[in-house]
Amino acid sequence: MSNLPPGLKDFGARLTKAAEGEIRERQRPPTRRRLRSLGLPVTAALLAAAVSAGAVKLVDPAGEPIKPESSGGEGLQSASDPAVVVGSAAEDPGGGPPWVVRAYTNASGLECVQVGRLRDGVFGQVQGGQFRAMPNSAPGTCATATARGPLIAVRRVTSRRTLVFGLAASREPVIVRAGDRRQRVVPTGLGAFVAVFANLSPNQKIEVRSTVAGRTDIQRFS
Amino acid sequence: MLRVVGWPTRRSANDEPLLIKSFEDPAAFHHFYRAYVERVVVFFARRALDAETALDLVGETFALALERRRQFRGSTAHEEQGWLFAIARNELAHYWKRGAVERAALQRLGCDPPESTSEDLEWVERVADLPLLRTTVCAALDDLPGDQAYAVAARIVDERAYGELASELDVSEQVVRARVSRGLRALGQSLSDPQLKDLT
């Protein structure tokens, strides 16, 4: 075997590093368990703080943000709220701030997701043409204690926008089908993803395919 | 007839596939890369006749191999090699069809393609014996039908864009691509290159 030139040698090293990362990722417990295991100490810390402060109210779903391994989202401003997974940003077909996922554990230690829009680093929503910050008390979709696999939610935010979002259990692409429309989304930090659909019929059935431990997981919403 | 550079034998046909070891061991993927990268470089360089394009195609091919290695179902090094070159052939077909190298797998991995340093480009030219091949190809161009010869020379030798050629010839880009593709295929057959045959 001849000696490789520097560019090919470096590329081989980068591939090996990518292989290391992929193997490490696969050896981790599924995202759900990882979040829960992080969430429990967080809950304990919150409870301890509540006791020591005497009158601190635990607000669900504010919970405690968990910093994603990689926020990604080059070109976007970082979010002031570390629970916002900037890398999950998806454009809205009508323009405006991108949609992003906020992932956190609630006071019960369960992982939860919210979807909103990111403008100037603030996680919020557009109402009546105005951007407003999303309060921590805004409702989120949370996993159940016994749930395994991905956490997926469908939200119809206006009559013209339907969002499919959540936390996949792996970084394999998530395929979202709504009738004859199909989107392929690559999950980012914590497995967060958002697919944005415009003008779906209110009764449109949605199918989400993701990968859990090497197998395809299918969830259907109607 | 082209000069045969000769393939260094790195792996016996019945060796255990490095790809399978690489499911759990990143070092095995490094060995896999080192075992085949030179052959893949030569495969692309002798078809694209361009060192830089060859390096880009090599990058996407190995990125796909890394990404899809768990789909490999073979049990020998011979099958592993066939699997890798099936990806390479597919990437080459995409390249001919689109006139551009895919980078989707590299992007998913967050990995840049191999850097085209002058040392790399010279190395590719040398291991693929491109100067001699280009000379031979130019001679063989004379035997092609005029429209194919012109399309191949304009696209491959002069590196002109498909769109520009389509405008000049007053045909669609698809027609230009087809002429280039058919011309290169005919060239490949007429050259009787043992290395090309070995890998296809």
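Me: Which elements of chain A have the lowest and the highest mean pLDDT?

Reply: This is a predicted model, and pLDDT expresses the predictor's confidence in each residue. Among the elements of chain A, helix α2 (residues 31–53) has the lowest mean pLDDT, 36, while β12(A) has the highest, 94. Over chain A the mean is 75, and 73% of the residues reach 70 or more.

Me: Over which residues of chain A does pLDDT stay under 50?

Reply: Where pLDDT is low, the predicted coordinates should not be read in detail. In chain A, pLDDT stays under 50 over residues 33–75. The model has 73 contacts beyond four places in sequence for this stretch.

Me: How many helices and strands does each chain have?

Reply: Chain A comes to two helices and 14 strands. Chain B has eleven helices and zero strands, and its elements from the N terminus on are therefore written α-α-α-α-α-α-α-α-α-α-α under the DSSP assignment.

Me: What share of each chain is buried, and what share of the contacts joins residues far along the sequence?

Reply: Burial is judged by counting other C-beta atoms within 10 Å, with 20 or more needed. By that criterion, buried residues make up 39% of the 222 residues in chain A, and 38% of the 200 residues of chain B. As for contacts, one considers pairs at least 6 apart in sequence and asks what part of them joins residues at least 24 apart; in chain A this part is 55%. In chain B, residues 24 or more positions apart account for 72% of the contacts with a separation of 6 or more.

Me: How is the sheet that contains β12(A) ordered?

Reply: Three strands of chain A form an open sheet in the order β8-β9-β12, with antiparallel pairing. β8 and β12 of chain A stand at the edges with a single partner strand each, so one side of each is left without a neighbour in the sheet. On average, neighbouring strands of this sheet are turned by 15° against each other, direction ignored.

Me: How many bridges join β9(A) to each of its partners?

Reply: Strand β8 (residues 151–158) of chain A is joined to β9(A) by seven bridges, and the two form a hairpin with two residues between them. Seven bridges also join β9(A) to strand β12 (residues 192–198) of chain A. Individual residues illustrate the register: Phe165(A) is the bridge partner of Ala153(A) and stands opposite Val194(A) in β12(A). Thr162(A) stands opposite Phe197(A), again in β12(A).

Me: Is β9(A) mostly covered or mostly uncovered?

Reply: Strand β9 (residues 161–167) of chain A is mostly covered, with six of its seven residues buried.

Me: Is Ile152(A) buried or exposed?

Reply: The threshold for burial is 20 or more other C-beta atoms within 10 Å. Ile152(A), found in strand β8 of chain A, has 21 such atoms within 10 Å and is therefore buried. Ile152(A) touches Val164(A), Gly166(A), Val208(A) and Gln219(A), leaving aside residues up to four places away in sequence. The C-alpha atoms of Ile152(A) and Phe165(A) are separated by 5.8 Å, although these residues lie 13 apart along the chain.

Me: What span should helix α1 of chain A have?

Reply: At 1.5 Å a residue, the 22 residues of α1(A), residues 6–27, should span 32 Å. The end C-alpha atoms of α1(A) are 32 Å apart, which agrees.

Me: Which residues of α1(A) are buried, and what covers them?

Reply: The buried residues are Gly7(A), Leu8(A), Phe11(A), Gly12(A), Leu15(A), Thr16(A), Ala18(A), Ala19(A) and Glu22(A). What covers the buried residues of α1(A) includes parts of chain B: α2 (26–48), α3 (51–68), α5 (104–109) and α6 (118–127).

Me: How many residues does each chain bring to the contact?

Reply: The contact takes 18 residues from chain A and 26 residues from chain B. On the side of chain B that touches chain A, α2, α3, α5 and α6 of chain B each supply at least two residues. α2(B) gives the most to that side, with seven residues. The residues of the side of chain B that touches chain A comprise 13 nonpolar, five polar and eight charged.

How values were computed
Residues are numbered from 1 along each chain as its sequence is written. Chains are lettered from A and ligands numbered from 1 in the order in which they are written. This is a predicted model: local features need pLDDT of at least 70, side-chain atom pairs count only at pLDDT 80 or more; totals for chains, interfaces and linings use all residues. Helices (H or I, at least four residues) and strands (E, at least two) are DSSP runs, numbered from the N terminus. The expected span of a helix is 1.5 Å times one less than its number of residues. A residue is buried if 20 or more other C-beta atoms lie within 10 Å of its own, exposed if 12 or fewer, and partly exposed in between; C-beta atoms are placed from the backbone. Two residues are in contact if their C-beta atoms, placed from the backbone, lie within 7 Å. Two strands pair if DSSP finds at least two bridges between them. Ala, Val, Leu, Ile, Met, Phe, Trp, Tyr, Cys and Pro count as nonpolar, Asp, Glu, Lys and Arg as charged, and the others, Gly among them, as polar. Axes are lines fitted to C-alpha atoms, for helices over the stretch in contact, and angles run from 0 to 180 degrees between N-to-C directions. pLDDT is the predictor's confidence in each residue, from 0 to 100.
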